[in-house]
Amino acid sequence: DVLSDVQLRQVYVTQMLEVFSKIGPDDRTLEIAHVAWNKKHRPDVAEQAAKVQKGKKKDAPLQLEGVLDYTQIPRGVMVTNYRRNNSDIVKIAVYALQPKYEFYSKIKSIRVEMKSTTGEKRAFTLKRREIVEKLQLDCHRQAILEPLVTVAETSLNPGLWEVLAYIQLDPMGTDILNPDNHSGEIVTMKPSALMMFDVADRAHEKLVNQFETAEGRCKQVYAELSSVVNKLRSNSSAQNNSLSVLERYGTYHNVLVRARQKYNYLQQMTEQSGLKSDIYGRLGDLLHESRQLFSEMQDSVNAIARKKENKCDAKRFKAYVATVLESNDPSTWMKNVSKAELCRNGGSPDPINRLYQLFIEGKGKYTLLFDSEMYKVAALREDLFSSKQCKELATRGEEVCLREKEEEEEAIAAEERKKKEEEAQAKMLKDIEMRHKWGMVGQNVRITGLTSAKGKAMNNKFAKVHDYMVEKDRFEVELLRTKQKVLLKVDNMVVYYGYIPDANVPEPHTTETT
């Protein structure tokens, strides 16, 4: 008898009060809850129910409506991340057990344990008092029971983390807003479902993106430089006319200098990221080959320049400076060059002024491409240039530096726009495909293309599409004559709009997957 067993009597009164507090004075529902409780807990009724159910399929154990199940496995921990003050913050939250009002009245503590693949361990514990303090009240001063309880917000080192939650409850509930539990008894729930969370290394990802950008630009400039080299090889006689001299200072020179800049930048990104690129070695070999070829072309240019007067000397000097800019380290040349060396290479009678004009004015039809580093080094050569010239070189260097940054930002922005457009296009195509598949639901189709033994027997038969299963990418169809249900791919169906004979002849109902 339930009244003669103290423990059963206490459990009965507690759980029936919980049912009453949830549904109110509903005699019919209270009677159903009473009968269900007796079937589960009273020995005489439980044995009688077991005899009736003998030989039948075993049902799930009976429970009172709205009563917390201590044997359930809690859901996996919810882990989200966001940016705050340029840092990655991870928010760790645990799902409240159902029903929520009973969970919040009985909760003692929540402990979350984390372990990364590198062996690092972290643990966070949230007591009842802290949980109650986080509860918010509505306009009626009633607690708002959130489905998630935030345990911690922290930063994690990069890696793959395993996350488990352990929940402890008091079997005797109390007021939800009471920061203390009703008793000292503890019921420990089963560990939550295992949750895996990957923390990315943003610094490394940034380096990888920069490396990939540098690699892509090197591939582009490699194609441009290869085209120039092939053109020079196939038309070597063009080096002997005035057009080739102008191209030497224009197209050929600009391509080689840009290739050298992109090559040096890729080398820097390779050292920082630790990644390797096959284009790096190929571009280096092509640069070496191009310098040799340009050097041969330069000999022809110098031979023409020696036959002319002062104007030709200026061109020879320009070619000399162009060769320097195309070298691996033109900044070192600018640090160490002397006035005598400039004179020997066509700078007479005023080599300093002639070099300054190339920096500032760009004499001639084609101008040389000086980068910001060259302007910066030249502005420090007070032994060559006057103070006014040094100041002008420094100003021009700042302008060139800003222009280089703008070009870099524009290139990055263009690549990001292209990437977003490609993602939007892929999403649009996916949405079109899904709408097409859902549009086939309700259509009459003819089955075709099945190759299995059972499938061949269904080929050329008519069926009606009942549903589309997204997770399996299959359509549930019912053969119109046999009422047999099968799962088919879209490739094994052809929409049929004509008359279907013998569509209402019933046959045994079966379900199978093809």
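The predicted model holds 16 salt bridges, and a few of these pairs make a friendly starting point for a walk through the structure. Arginine 258 pairs with glutamate 224, with their closest N and O atoms 2.9 Å apart. Because arginine 258 belongs to helix 8 and glutamate 224 to helix 6, this salt bridge ties together parts that are 34 residues apart in sequence. Arginine 258 counts as partly exposed, at 31% relative accessibility, and glutamate 224 is also partly exposed, at 30%.

Another salt bridge joins arginine 381 to aspartate 383, where the closest N and O atoms are again 2.9 Å apart. How do the two partners sit, buried or exposed? Arginine 381 has a relative accessible area of 10%, under the 20% limit, and is therefore buried. Aspartate 383, in contrast, has a relative accessible area of 59%, which is over 50%, so this residue is exposed.

A further pair can be found inside a single helix. Arginine 396 and glutamate 399 both belong to helix 15, where they lie 3 residues apart, about one turn of the helix. Their salt bridge has its closest N and O atoms 3.7 Å apart. Arginine 396 is partly exposed, with a relative accessible area of 22%, and glutamate 399 is partly exposed as well, at 41% relative accessibility. Salt bridges can also link up into a network, as they do for Glu18, Glu102 and Lys106.

The view now widens to the whole protein. It contains 16 helices and 16 strands. Of its 514 residues, 36% count as buried. Among contacts with a separation of 6 or more, 67% are between residues 24 or more positions apart.

In soluble globular proteins, nonpolar side chains tend to be buried together. Which residues touch the most other members of the largest nonpolar core? In this core of 33 residues, they are Phe103, Tyr104, Ile110 and Val112. Several elements each supply at least two residues of the core: strand 2 (87–95), helix 4 (100–106), strand 3 (107–116), strand 4 (121–127), strand 7 (148–154), strand 8 (159–169) and strand 10 (195–199). Strand 8 gives the most, with 5 residues. Isoleucine 110 shows how such a core is connected: leaving out residues up to four places away in sequence, its contacts are Val94, Phe103, Phe124, Thr125, Leu126, Ile131, Val149, Val151 and Tyr166. There is also a second, separate core of 29 residues, including Val321, Ala322, Ile352 and Leu358.

Two single residues add detail to the picture. Serine 105 has its place in helix 4 and is buried, with a relative accessible area of 9%. Beyond its neighbours within four places in sequence, serine 105 is in contact with Arg128, Gly173, Thr174 and Ile176. Arginine 83, found in strand 1 (residues 78–84), is partly exposed, with a relative accessible area of 46%. Not counting residues up to four places away in sequence, arginine 83 touches Asp88 and Arg202.

Empty space deserves a look too. The largest pocket has a volume of about 1,300 Å³. Its lining consists of 39 residues, and those nearest the pocket centre are Gln261, Lys262, Asp371, Glu404 and Glu408. What kinds of residue make up this lining? The lining divides into 13 nonpolar, 10 polar and 16 charged residues. Helix 6 (202–234), helix 8 (251–273), helix 11 (330–336), helix 13 (351–360), helix 14 (372–379) and helix 15 (387–439) each contribute at least two lining residues. Helix 15 provides the largest share, with 10 residues. Helices 6, 8 and 15 have thus appeared twice in this account: helices 6 and 8 hold the partners glutamate 224 and arginine 258, and helix 15 holds both arginine 396 and glutamate 399.

Helix 14, one of the helices that help to line the pocket, deserves a closer look. Why can helix 14 be called largely enclosed by the rest of the structure? The reason is that 6 of its 8 residues are buried. These buried residues are Ser372, Met374, Tyr375, Val377, Ala378 and Ala379.

Conventions:
Residues numbered from 1 in each chain as written. Predicted model: local features only at pLDDT ≥ 70, side-chain atom pairs only at ≥ 80, totals over all residues. Heavy atoms only, no water. Core = buried A, V, L, I, M, F, W, Y, C linked by side-chain atoms within 4.5 Å. Buried < 20%, exposed > 50% of the residue type's maximum accessible area, 1.4 Å probe, protein only. Helix = DSSP H or I, 4+ residues; strand = E, 2+ residues; numbered from the N terminus. Contact = heavy atoms within 4.5 Å. 1 Å grid on protein atoms, 1.4 Å probe; cavity = no way out; pocket = protein on both sides within 12 Å on 5 of 7 lines; lining within 4 Å. Points joined across faces, edges and corners; volume = space filled by probe spheres on them. Nonpolar A, V, L, I, M, F, W, Y, C, P; charged D, E, K, R; others polar. Salt bridge = Lys/Arg side-chain N within 4 Å of Asp/Glu carboxyl O.
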